[in-house]
Amino acid sequence: MDEAKKLAIESGISAITVQAVASAAGVTKGGFLHHFPSKQALIDAIFEEVLDQLASEIGARASKDRVAHGAFTRAYIDLAFGGEEPAMDQTWIALSLLMLDDPALRMKWTEWLNDQLSDYGEDQGNVELSIARFAVDGAWLAQHFGVAIPERKSMHEALTKSTFSAGKRG
C-alpha cells in the first residue's frame, strides 16, 4: 500500500497498476494479487486507511474542543486549513479526485461522513455547520486545482468563528 501511495503522489492515481505496484514493492504480480485481488481492491484499502486516518485526526482535535456543538466541524476546518498547507497528504488529494468519478468510493465517503456526523450529533443536521463544511470542501478542492486561497488564515478563523454562532437544533 505504501508503494501505491508513493506512485499516486509522484504520478497520479492512474500510475497505480498491478505491475507498477508489484515492481515498486519488489514482489511478483502473483504476490501482489495474493494480497489484493485487483487494483480496485488496493485503492479501496488505501481509501479505507485514509478515512481511518481522517477519523483519528478529527477525533483527536474534537476531543480537545471544550464546546460540543460544532466540535466535528471545527476539527474538519482545522484539518483542512491547519498550517501553511492542508494536513492531508497527496494520497488524499489523489483519492479525492478519483472519488469524484468512482461511485463506490463516493458511497464509502458518504457513509463515512454520515457515521462521523452521527457520532457528533451536535453537528448533524445543522444548516450553518453544513455550510461551513461545504465551504471548506470547496476551498480545499479549489486550492488543489491551483486556485489561490486569499486570506487563508482569515478564512480559517471566520469559518471557525461561524461554528460557535451556528444555530443549535432543538
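Which residues make a nonpolar surface patch of about 380 Å²? In this predicted model, the patch is made by Leu97, Leu100, Phe145 and Val147. One of these, Leu100, sits in the loop between helix 6 and helix 7.

The interior was examined next. The largest nonpolar core holds 40 residues. Ile16, Leu42 and Trp109 touch the most other members of this core. Several helices contribute, each with at least two residues: helix 1 (2-11), helix 2 (18-25), helix 4, helix 5 (71-81), helix 6 (90-99), helix 7 and helix 8 (127-144). The most comes from helix 4, which gives 9 residues.

Helix 4 covers residues 39-63. Its buried residues are Leu42, Ile43, Ile46, Phe47, Val50, Leu51, Leu54, Ile58 and Ala62. Leu42 thus appears both among these buried residues and among the core members with the most contacts to other members. The length of helix 4 was also checked. With 25 residues at 1.5 Å a residue, a span of 36 Å is expected. The end C-alpha atoms lie 36 Å apart, so the model agrees with that expectation.

Helix 7 spans residues 103-119 and includes glutamine 116. Is this glutamine buried or exposed? Its relative accessible area is 9%, and because buried means under 20%, glutamine 116 counts as buried. Leaving aside residues up to four places away in sequence, glutamine 116 touches Ala55 and Phe72. Ala55 falls within residues 39-63 of helix 4, and Phe72 within residues 71-81 of helix 5.

Definitions and conventions. Residues numbered from 1 in each chain as written. Predicted model: local features only at pLDDT ≥ 70, side-chain atom pairs only at ≥ 80, totals over all residues. Heavy atoms only, no water. Helix = DSSP H or I, 4+ residues; strand = E, 2+ residues; numbered from the N terminus. Buried < 20%, exposed > 50% of the residue type's maximum accessible area, 1.4 Å probe, protein only. Contact = heavy atoms within 4.5 Å. Expected span 1.5 Å × (residues − 1). Core = buried A, V, L, I, M, F, W, Y, C linked by side-chain atoms within 4.5 Å. Patch = residues over 30% accessible without salt bridge, like charges linked within 9 Å, V, L, I, M, F, W, Y side chains within 5 Å. Areas by Shrake-Rupley, 256 points an atom, 1.4 Å probe, with all protein chains shown as cover. Salt bridge = Lys/Arg side-chain N within 4 Å of Asp/Glu carboxyl O.
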